[in-house]
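Student: I have the sequence and the structure open. Can we go through them by question and answer?

Tutor: Yes. Let us look at them together.

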Amino acid sequence: MEVDTKSEEKMEEIEEKQEDKLKKLGNIIDDVLLMIEQEAIGAGKDPFTEKRITTLIDIYAEEFDETLRKHRVGMGSEIKKLMRSLLDDLEKITN
């Protein structure tokens, strides 16, 4: 019984650490999205473009959140793909 209890405690500890790391990653992604949004809006030419940029960032933020919720293996490559797609879409709007 003692081994099972130790194993369960260790699993809980690992899960807590993983959850903490995912929260930290989510905070980093939020900060990056905010910086991207501020820079893109700074380059904006009119309120309509600014609204499109804000809407685009919001859509991608939801996708990043969904990816983090999935806790899947390969999440890093999915996040990189989303970030690249976001930057490409922003470039289309601002250029």
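Student: Is Thr94 buried or exposed?

Tutor: Keep in mind that this is a predicted model. Thr94 is found in helix 3. Its relative accessibility is 18%. The cut-off for burial is under 20%, so Thr94 counts as buried.

Student: Which residues are in contact with Thr94, leaving aside its neighbours within four places in sequence?

Tutor: Thr94 belongs to helix 3. Its sequence neighbours within four places are set aside here. What remains is Ala40, Lys45 and Ile53.

Student: How many helices and strands does the protein have?

Tutor: Read the elements from the N terminus on: they run α-α-α. Strands number 0. The protein has 3 helices.

Student: At what angle do helix 2 and helix 3 pack?

Tutor: Two packed helices are described by the angle between their axes and the distance between the axes. Helix 2 covers residues 47-70, and helix 3 covers residues 75-94. Their axes lie 10 Å apart. The packing angle is about 175°.

Student: Are helix 2 and helix 3 roughly parallel or roughly antiparallel to each other?

Tutor: The angle between them is about 175°. Angles over 145 degrees count as roughly antiparallel. Helix 2 and helix 3 are therefore roughly antiparallel.

Student: Which residues in helix 3 meet helix 2?

Tutor: Start on the helix 2 side. The residues there include Ile53, Leu56, Ile57, Tyr60, Phe64 and Leu68. Across from them, helix 3 supplies Met75, Glu78, Ile79, Leu82, Met83, Ser85, Leu86, Asp89, Leu90, Ile93 and Thr94.

Student: How many residues of the contact of helix 2 with helix 3 are nonpolar?

Tutor: Divide the residues of that contact into classes. Charged residues number 5, and polar ones number 4. The nonpolar count is 13.

Student: Is Leu68 buried or exposed?

Tutor: Leu68 has its place in helix 2. Its relative accessible area is 11%. Burial means under 20%, so Leu68 is buried.

Student: Which residues are in contact with Leu68, leaving aside its neighbours within four places in sequence?

Tutor: Leu68 sits in helix 2, and Met75 and Ile79 are on the helix 3 side of the contact between the two helices. Both of these touch Leu68. With sequence neighbours within four places left out, the full list is Leu22, Leu25, Gly26, Ile29, Met75 and Ile79.

Student: How many Å apart in space are Leu68 and Lys23, C-alpha to C-alpha?

Tutor: In sequence, 45 residues separate Leu68 and Lys23. In space, C-alpha to C-alpha, the distance is 8.6 Å.

Student: How many salt bridges does the count come to?

Tutor: Side chains of opposite charge can pair when their charged atoms come close. The cut-off is a side-chain nitrogen of Lys or Arg within 4 Å of a carboxyl oxygen of Asp or Glu. One of the pairs is Lys92 and Asp89, at 3.9 Å, N to O. The count comes to 4 salt bridges.

Student: What separates Asp20 and Lys24 along helix 1?

Tutor: The side chains of Asp20 and Lys24 meet in a salt bridge, 3.3 Å from N to O. Asp20 is partly exposed, at 37% relative accessible area. Asp20 and Lys24 are 4 residues apart in helix 1, which means a separation of about one helical turn.

Student: Which side chain meets Arg69 in a salt bridge?

Tutor: Arg69 is exposed, with a relative accessible area of 54%. Its partner also lies in helix 2, 3 residues apart, about one turn of the helix. That partner is partly exposed, at 35%. The N to O distance is 3.2 Å, and the partner is Glu66.

Student: Is Lys92 buried or exposed?

Tutor: Lys92 and Asp89 both lie in helix 3, 3 residues apart. Asp89 counts as partly exposed, at 23% relative accessibility. Lys92 has 64% relative accessibility. The cut-off for exposure is over 50%, so Lys92 counts as exposed.

Student: What percentage of the residues of the protein count as buried?

Tutor: The protein has 95 residues. It exposes about 7200 Å², with carbon and sulfur atoms supplying 54% of that area. Residues under 20% relative accessible area count as buried. Their share is 25%.

Terms used
Residues are numbered from 1 along each chain as its sequence is written. This is a predicted model: local features need pLDDT of at least 70, side-chain atom pairs count only at pLDDT 80 or more; totals for chains, interfaces and linings use all residues. Side-chain values use heavy atoms; hydrogens and water are left out. Axes are lines fitted to C-alpha atoms, for helices over the stretch in contact, and angles run from 0 to 180 degrees between N-to-C directions. Angles under 35 degrees count as roughly parallel, over 145 as roughly antiparallel, 65 to 115 as roughly perpendicular and the rest as oblique. Contact means heavy atoms within 4.5 Å. Ala, Val, Leu, Ile, Met, Phe, Trp, Tyr, Cys and Pro count as nonpolar, Asp, Glu, Lys and Arg as charged, and the others, Gly among them, as polar. Buried means under 20% relative accessible area, exposed over 50%, partly exposed in between (1.4 Å probe, protein chains only). Accessible areas come from the Shrake-Rupley method with a 1.4 Å probe; for residues, only the protein chains shown count as cover.
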